[in-house]
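Me: I'd like to learn how to read a structure like this one. Could you walk me through it?

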Amino acid sequence: MAKDLVVPLAPNVWRIPLVRDLVNGFILRDDDGQVTLVDMGLSSSGPKVIAALGAIGAAPSDVTRLLLTHAHPDHAGGAAHVARETGRGFTVHHGDAAYAVEGSSPPRDRSFLLGRLVDRFSRPGRDFEPLTVEREMTDGEVLPIAGGLRVVHTPGHSPGHVSLLHEESRTLITGDAIFNVLGLRWPVKAFCTDFRMTQQTAHLLGELDYDVAAFTHGTELRDRPREAIRAFLGRHRPS
Ligand SMILES: [Zn+2]
């Protein structure tokens with residue numbers, strides 16, 4: 001059973017498949033047993049995040065930090081449930097913090113019709129339950145999580161979108177900068193705040209060092225992932 005609830009990525013790092021492999025969260029564990037959760041999926045995903053803790057022998061009381069790569073409803077949807085179960089607040093990049101507090105998505109790219117349509121239906125408190133942000137993370141900062149988790153600000157998909165690099169295990173969490181659903185691909189254009197900027201900042205991921213690339217949407221790459229991401233970026237230069 002535990003096998004279905006979490007996928008080990010590296011020592012002390014797991015992926016939580018929240019909607020099959022299409023929507024993922026992550027767990028990082030410190031040597032002293034403290035647990036950090038990254039992204040909580042859709043509103044229905046909260047209980048799955050909590051169940052995943054049991055699969056690694058941890059309890060909600062072991063959770064000391066909650067992180068979001070960005071404030072979209074398929075990442076922050078289950079967040080309020082997890083916050084209630086663990087009694088913790090969130091660490092979010094400044095660019096998305098106000099949206100997380102409000103329970104709304106950042107604006108969509110209005111150069112696309114779908115972006116304009118979706119924006120029209122976005123309302124504070126309606127995209128996901130409002131959250132408590134207790135700390136803002138900044139670009140380049142190494143958070144004291146599981147031996148060091150580097151924040152790589154990759155705005156575009158949202159203003160405060162971040163990718164996260166666990167330096168000790170050489171595991172990269174791309175966030176929504178790049179998807180790995182039926183191959184590497186860009187996130188849906190219209191759901192980005194600025195799609196062009198998404199393409200530009202994704203190039204930062206080609207410059208980092210890692211042995212595993214994990215995605216919030218799709219399965220991880222374990223075989224020369226940086227080369228695969230560089231090849232993808234090379235084929236898809238911003239226009
Ligand atoms: Zn997103």
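Reply: Sure. Let's begin with a term: a residue counts as buried when its relative accessible area is under 20%, and as exposed when that area is over 50%, with partly exposed in between. Keep in mind that this is a predicted model.

Me: Okay, let's use that on the metal site. Which protein atoms are the donors of the zinc ion?

Reply: They are His70 (NE2), His72 (ND1), His157 (NE2) and Asp176 (OD), and they lie 2.1 to 2.4 Å from the zinc ion. Along the chain, these donors follow the spacing H-x1-H-x84-H-x18-D. One pair, His70 and His157, links distant parts of the chain, being 87 residues apart. His70 sits in the loop between β5 (63-67) and α3 (73-76), while His157 sits in the loop between β9 (149-153) and β10 (162-166).

Me: Are His70 and His157 buried or exposed?

Reply: Both His70 and His157 are buried.

Me: How do I judge the geometry around a metal?

Reply: Start from the ideal: four tetrahedral donors would give angles of 109.5 degrees. Here the four donor atoms around the zinc ion subtend angles of 86 to 173 degrees, so the arrangement is irregular.

Me: And pockets? Which residues line the largest pocket?

Reply: With a pocket, look at the space and then at the lining. The largest pocket holds about 220 Å³ of space. Its lining is made up of His72, Pro73, Asp74, Arg108, His157, Asp176, Phe179, Val188, Phe191 and His217. By type, that lining divides into four nonpolar, three polar and three charged residues.

Me: Now a helix. Which residues of helix α2 are buried?

Reply: In α2 (residues 46-55), Gly46, Val49, Ile50, Ala52 and Leu53 are buried. They cover an arc of only 150 degrees around the axis, so they lie on the same side of α2. After α2 comes Gly57, with a positive phi near 75 degrees.

Me: Which residues other than glycine have a positive phi?

Reply: Asn12 is one of them, with a phi of about 70 degrees. Asn12 is found in the loop between β1 (7-10) and β2 (13-19), and it is partly exposed, with a relative accessible area of 25%. Arg224 is another case, with phi near 45 degrees. Arg224 belongs to the loop between β14 (212-214) and α8 (225-235), and it is exposed, with a relative accessible area of 56%.

Conventions
Residues are numbered from 1 along each chain as its sequence is written. This is a predicted model: local features need pLDDT of at least 70, side-chain atom pairs count only at pLDDT 80 or more; totals for chains, interfaces and linings use all residues. Side-chain values use heavy atoms; hydrogens and water are left out. On a 1 Å grid over the protein atoms alone, a cavity is a set of points where a 1.4 Å probe fits but cannot get out, and a pocket is an open set with protein on both sides within 12 Å along at least five of seven lines; lining residues have an atom within 4 Å of a point. Grid points are joined across faces, edges and corners, and a volume is the space filled by probe spheres set on the points. Ala, Val, Leu, Ile, Met, Phe, Trp, Tyr, Cys and Pro count as nonpolar, Asp, Glu, Lys and Arg as charged, and the others, Gly among them, as polar. Buried means under 20% relative accessible area, exposed over 50%, partly exposed in between (1.4 Å probe, protein chains only). Helices (H or I, at least four residues) and strands (E, at least two) are DSSP runs, numbered from the N terminus. The arc is that of the directions from the helix axis to the C-beta atoms. Donors are N, O and S atoms within 2.8 Å of the metal (3.2 Å for Na, K and Ca); water is not among the atoms, so sites may look incomplete. Four donors count as tetrahedral if all angles lie between 85 and 135 degrees; four count as square planar and six as octahedral if opposite donors are over 155 degrees apart and all others between 65 and 115; anything else is irregular.
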